[in-house]
Amino acid sequence: MDNENDFNFSNDNSFRKVSYNQPSNGFGKNIFLPFVSGIVGATLVVGTCFGVPSIKEKIINEKSYTASTSAGTSLENPLNLINIADYSNTSIAVAEKVLPSVVGITVTYQVNSIFGSSTGDATGSGIIISDDGYILTNNHVISSESSSSFYAISEATDIKINLYNDKESYKATVVGTDAYTDLAVLKIDKTGLTPAVLGNSDEAKVGEYVMAIGNPLGMDYSVTTGIISAVNREVKSEGTTYLAIQTDAAINSGNSGGALVNANGEVIGINTLKLSGNGVEGIGFAIPISSTTSIINQLIEFKEVKRPYIGIAGSSVDETLTKKYNIPQGIYVDEIQKDSPAEKGGLQVGDIIIKIEDTEVKSVNELNRVKNTHNIGDKITLTIIRDNQEQKIEITLTETPAQTEEQQKNNQYVETQPNMSGSIFDLFR
């Protein structure tokens, strides 16, 4: 009996009714048997070929080549596809390795205003650098002291440390601070901690995978990922100039002092600040860890950083001033400090420093940066322009006087234009 709802195509592409009672028209003989025979034959041939190494290799190579070219790549430059599970496994492994080495910091301070006195809290992050309780963080995390005509905020009255997977809080003492690099070292009475593995930030590459770990906005032990957007990025914040690692890994308030780590779980930076505002997204900065080693050691040993001292006041000569006064770019010396290395070395007011050792300098920041790579007692050579003649002067660096250090903390890296009549400019470190 015909099924009125069954149709098929005829040779002339018109519909025709199919009857289940019609003869098979030789389907098994003409189609099914040859089809099965072809499959069996192909299986035997492929099986035999895979038994012969040279034929097997040729078939696999040709298949690989076809897959590569179909993806739009060439045999010489194949596309290496990465399984998303591998990326996830990397993130998981890094987080598990580094989280025990990151701490939460809570700072309590006193606020005095016209309305009375109260206490306030601020939070941040830190990195364990030894198993006996030394912790690295940003100076601005623990240094809350400030004032205005309306209020005054005291220094920290209490600092508490929270460890990963530990419900107890530990009281911290300040070992040493350095406003110049925005670094501080704390200490808690606890042993058996897991110190972070410090990497080499000098080897950081743009595009490299990184992870930021800290305590943003009070959310303990938060992990974000991204890449290195730039290295050696010069950033100025509240009078301090940093050479920083830029990253798009999310960094928010509370992340300061936390770890920026690479795919090996090595700390390559200390998350310090971010840009914010309308139209700004994914621009954060970390202090390169390799630049902190000497600072950390000095803070632990001396409670402060002992820096070399030149003893001049001066300012940068930019291109505009070069054209206006017909002088070279460099550092215009406006004042010589009494009994300073500069005075003893023969430097004079009106000299323009164009090199320190073999490095050209065109700004106060550049001069300080190169000088601070040297040690107290080192002899350095300054190349200057005096009376339109190039000269070299050798000076011996001494330790920065305490009073000058305090002045520098209050007025770091302020760029002003030279006053050729002899006014006082930025005090060099």
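**Exercise 1. Identify the residues with the most contacts inside the largest nonpolar core of this predicted model, and the elements that build the core.**

Solution. In this predicted model, the largest nonpolar core holds 30 residues, and those with the most contacts inside it are Val98, Leu136, Met211, Ala259, Val261, Val267 and Ile270. The next step is to ask which elements supply at least two residues each: helices H3 (84–98) and H5 (293–302) do so, together with the strands S10 (183–188), S11 (209–214), S13 (240–247), S14 (259–261), S15 (267–274) and S16 (284–288). A second core, separate from this one, has 18 residues, among them Ile310, Ile331, Ile353 and Val370. To finish, take Leu136 and set aside its neighbours within four places in sequence; its contacts then include Ile127, Ile129, Leu183, Val185, Ile270, Ile289 and Ile296.

**Exercise 2. Determine whether Asp351 is buried or exposed, and list the polar partners of its side chain.**

Solution. Begin with the position: Asp351 sits in the loop that runs between helix H7 (341–345) and strand S20 (352–356). Its relative accessible area is 1%, and because the cut-off for burial is under 20%, Asp351 is classed as buried. Turning to its polar partners, the side chain of Asp351 makes a polar contact of 2.8 Å with the side chain of Arg386, and a polar atom of the Asp351 side chain also lies 2.8 Å from the backbone nitrogen of Gln348. Finally, when residues up to four places away in sequence are not counted, Asp351 touches Ile331, Tyr332, Val333, Ile384, Ile385 and Arg386.

**Exercise 3. Carry out the corresponding analysis for Arg307, covering its accessibility and its side-chain polar contact with Asp178.**

Solution. Arg307 is placed in the loop between H5 and strand S17 (308–309), and with a relative accessibility of 5% it counts as buried. Its side chain is joined to that of Asp178 by a polar contact of 2.5 Å. As a last step, compare sequence with space: Arg307 and Asn375 are 68 residues apart along the chain, while their C-alpha atoms are 7.3 Å apart.

**Exercise 4. Describe the second largest pocket by its volume and its lining.**

Solution. The second largest pocket encloses about 900 Å³ of space. Its lining comprises 33 residues, of which Thr181, Ser291, Arg369, Asn372 and Thr373 are the closest to the centre. Sorted by class, the lining has 16 nonpolar, 13 polar and four charged residues. At least two lining residues come from each of strand S12 (222–237), S13, S16, H5 and helix H8 (364–371), and S13 gives the largest share, with five residues.

Definitions and conventions: Residues numbered from 1 in each chain as written. Predicted model: local features only at pLDDT ≥ 70, side-chain atom pairs only at ≥ 80, totals over all residues. Heavy atoms only, no water. Helix = DSSP H or I, 4+ residues; strand = E, 2+ residues; numbered from the N terminus. Buried < 20%, exposed > 50% of the residue type's maximum accessible area, 1.4 Å probe, protein only. Polar contact = N/O pair within 3.5 Å; in protein donor to acceptor, adjacent residues only side chain to side chain. Contact = heavy atoms within 4.5 Å. Core = buried A, V, L, I, M, F, W, Y, C linked by side-chain atoms within 4.5 Å. 1 Å grid on protein atoms, 1.4 Å probe; cavity = no way out; pocket = protein on both sides within 12 Å on 5 of 7 lines; lining within 4 Å. Points joined across faces, edges and corners; volume = space filled by probe spheres on them. Nonpolar A, V, L, I, M, F, W, Y, C, P; charged D, E, K, R; others polar.
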